[in-house]
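Welcome! Please take a moment to look over the sequence and the 3D view before reading on.

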Amino acid sequence: MPDPMKIRANVVGDSTEVKVLMSHEMETGQRKDAQGKTIPAWHIQNVTATWNGKTVLSAEWGPAVSKNPFLSFKFKGGAKGDKVQITWVDNRGEKRTDEAVIA
Amino acid sequence: MDGTRREILKRGGGLTLLSLVGAAGWLRPEEALAEWNKAAFEAKTLDDTFKALGGSAPAQNKDVAFVNTPDIAENGAVVPIGITSSIPKTESIAILIEKNPNVLAAVFDIPPGTEPAISTRVKMGQSSNVYALVKADGKYYAAVKEIKVTLGGCGG
Amino acid sequence: MRFDHRRAAQAAVCALTFVAAVAFGQGSTVDEIAKYRAALQEGNPAELWEARGEDLWKQKRGPRGGSLEACDLGLGPGVIKGAYAQLPRYFADADRVMDLESRIVWCMGTLQGISEADAKRSVFGSPDRKSDMEAYVAYVTSQSRGIKMNVALAHPKEQDAYRLGEKIFYFRGGTHDFACATCHGEDGKRIRLQDLPNLATKEGAQKAYTTWPAYRVSQGELRTFQWRLNDCFRQQRFPELIFGSDASVALTTFLARNANGAPFDAPAIKR
Amino acid sequence: MRSTTLTWICAIAAVAPAILFGCATAPTDAETSAKAAVVMKASFREQGQAKLDRLDQDDTQKTCSEYSGKTLPKDVAERIERANLATIKWPSDSKLVGDWKTGEKIAQEGRGMQYSDDPRGPVGANCYACHQLAPEELSYGTIGPSLYRYGKQRGYTDEMRKYVYGKIYNAEAYSACTNMPRFGHKGILTEKQITDVVALLMDPASPVNK
């Protein structure tokens, strides 16, 4: 079970600013282990953010996104108390969904 | 703008390619959890990446900008990248790193109502040009910035 | 015998430093690196460790099935707020001076029945093995953010530890004759382009001590102060510093006390 | 376990009985120094190529530790310099200046002698960690003085070449309690490597002298 994300969602003017930290190795597939064997790529492939069931951002990522990824974006609307939900899926099919209340 | 630097996207060819890679290409949000543009993420060169994303070399445009993106990264493992677009109908923003083994780092689909501005962090194996590629109303635009990668101190 | 390929790879990359720096004047290099550091502040993955640490802290674990919530970090059982800003300190139950990490090992023993050896088995995390200790430390230290460092040195054993720590700070040895003071004993020095705090002064110790633990972007891990000392000694060409050893606690006491008066500001994020 | 503890206590008792039995007053500086040496030994474990004997201080290390942050008395400084000067082995064929290109590589190389380093791997001098040398390298440290145009400014004389070789071989022979490692005396660099670093500083063709 992957570790939870850290999500912050704050009203800024007429928009909501979302900042997300995800716990993931984001292994490149370029590195070799002590025995000289290539360590297989292991990374988040898809990220989706929803607000009240509406998709406000979706992304495709390769292994060049940094370990323990950080993501920040803004969408119009959103009120204090609304929920923002983020889901990621990695190339092993592991998945994590977390939500935050807009502050 | 400098005419030699400004290469307008060949729309006809672009559309053909777009339909070819359509299934694995830039995705509708509801498909995003299932789909990933393998061809684009495995491309080794800028041109191949543009093609796999459904276009060709994009026009450079002042309305695509890097924000909070330093010229030098103290460590290549974490390079902060911020990109904004003020082009109407921006549909997506992609980050391309020319000298990485695989050029494409990330693609963000921007649905209506979401600001065309994202901020994230990428890995860079060495100093390189970084491209902010924006698709707006079916056309491609780009900004480019050189980022130097250095390492301070020795050991860790 | 152990040979760490990851570290060797890091060292090898060191040689690349000058390739990148060539195109820049010193001034612009320093300015741009300051911008880089500022951009990192926008989001610190150390928060992931803090959250995991808080969760683990409250879990019932070990053969005795206790949680660490009852751990006395010096301000009474269960008080975490501000505890780190007053460590290291003397604990009567253990009859010795302890830093945070030693105290957590102690509490894992008394409250959870986890042996000292088991508690110290995975104190520095790696990609294939996360460290609970680093998570605990991230959580506890985050609860002192903004609180001024206040290491009292009220107990004679705390005073002994401070004096001993000072001696260890100046202890020269190994193949290269290095002491901590070789790199951290003068103002305004740097190694390559890296600024070196003068830890013998109040200002230097304050700046350095209050920004550990830290998420190291070069390693993608949260590193504790015990790790910081361990890795400094590695680069000093010393043998390996034992986790929670008397020397490590004494040196921590010396540096923490020198930082007194400055607001604690960690877990931080560093290159 | 018990025997280890006993050995440890005995070691303290032998070195500084006052610490165990004279707790009423604060220990003297010398007592704290003695205790520090014992505590250091008990606080490290051997790892890779770094054995515990690296914590056994020789006279220079011990004396310089004691005088850290204090003024070094003239007679003590002279004693240290004399003893260290006697350790220098001059090249058998009197060839003091090697190849500056190899010297530059040695000056850049930061690895060697750490327990994490491959014992068969390269061992460098890491000069740039502390000194400015070739102007192309902007990532240099400032713990030591700038050595840019070292030979050009001082002259490419035999005397200077000999001094530079000696200084790299054992810096304590010229400046007691310097921060600089004793590269030859401690076996960090070979004689050949030292001559290459001498070349980096003293060859007119070296980028350091451009």
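Below is a short tour of confidence, a sheet, and the contact between two chains.

## How far to trust the model

What you see here is a predicted model. Its overall scores are ipTM 0.83 and pTM 0.87.

Chain D has an average pLDDT of 89, and 88% of its residues score at least 70. Do take care with residues 1-23 of chain D, though: pLDDT stays under 50 there, and the model gives this stretch 16 contacts beyond four places in sequence. Where pLDDT is low, the predicted coordinates should not be read in detail.

## A sheet built from two chains

Let us turn to a sheet with strands from chain A and chain B. It is an open sheet of 6 strands, and following it across you meet E1(A), E2(A), E5(A), E7(B), E4(B) and E2(B), in that order, with antiparallel pairing. Which strands stand at the edges? They are strand E1 (6-12) of chain A and strand E2 (64-66) of chain B; each has a single partner strand, so one side of each is left without a neighbour in the sheet. On average, neighbouring strands of this sheet are turned by 15° against each other, direction ignored.

For a closer look within chain A, find strand E2 (residues 15-21) and strand E5 (residues 70-76): these two run antiparallel and are joined by 7 bridges. Along this pairing, A:Val20 stands opposite A:Leu71 of E5(A). Strands of a sheet pair through backbone hydrogen bonds, either parallel or antiparallel.

## Where chain C meets chain A

Chain C comes in next. Its helix H4 (residues 46-58) lies across E1 and E2 of chain A, and runs at about 115° to E1(A).

How many residues does each chain bring to the contact? Chain A gives 16 residues and chain C gives 17 residues. About 1,200 Å² is buried between chain A and chain C, with carbon and sulfur atoms giving 53% of that area. On the chain A side, the residues that lose the most area to chain C are A:Leu21, A:Lys67 and A:Asn68, together 36% of what that side buries.

## Charged and polar links

Between chain A and chain C there are 5 salt bridges. One salt bridge to look for joins the side chains of C:Glu42 and A:Lys19, at 3.8 Å from N to O. The two chains also have 5 residue pairs in polar contact, counted where both residues are at pLDDT 80 or more. On the side of chain A that touches chain C, the elements giving two or more residues are E1, E2 and E5 of chain A.

Definitions and conventions: Residues are numbered from 1 along each chain as its sequence is written. Chains are lettered from A and ligands numbered from 1 in the order in which they are written. Side-chain values use heavy atoms; hydrogens and water are left out. Two strands pair if DSSP finds at least two bridges between them. Helices (H or I, at least four residues) and strands (E, at least two) are DSSP runs, numbered from the N terminus. Axes are lines fitted to C-alpha atoms, for helices over the stretch in contact, and angles run from 0 to 180 degrees between N-to-C directions. Contact means heavy atoms within 4.5 Å. pLDDT is the predictor's confidence in each residue, from 0 to 100. Buried area is the accessible area (1.4 Å probe) that two parts lose on being put together, summed over both. A salt bridge is a side-chain nitrogen of Lys or Arg within 4 Å of a carboxyl oxygen of Asp or Glu. A polar contact is a pair of N or O atoms within 3.5 Å; within protein, one must be able to donate a hydrogen and the other to accept it, and residues adjacent in sequence count only if both atoms are side-chain atoms.
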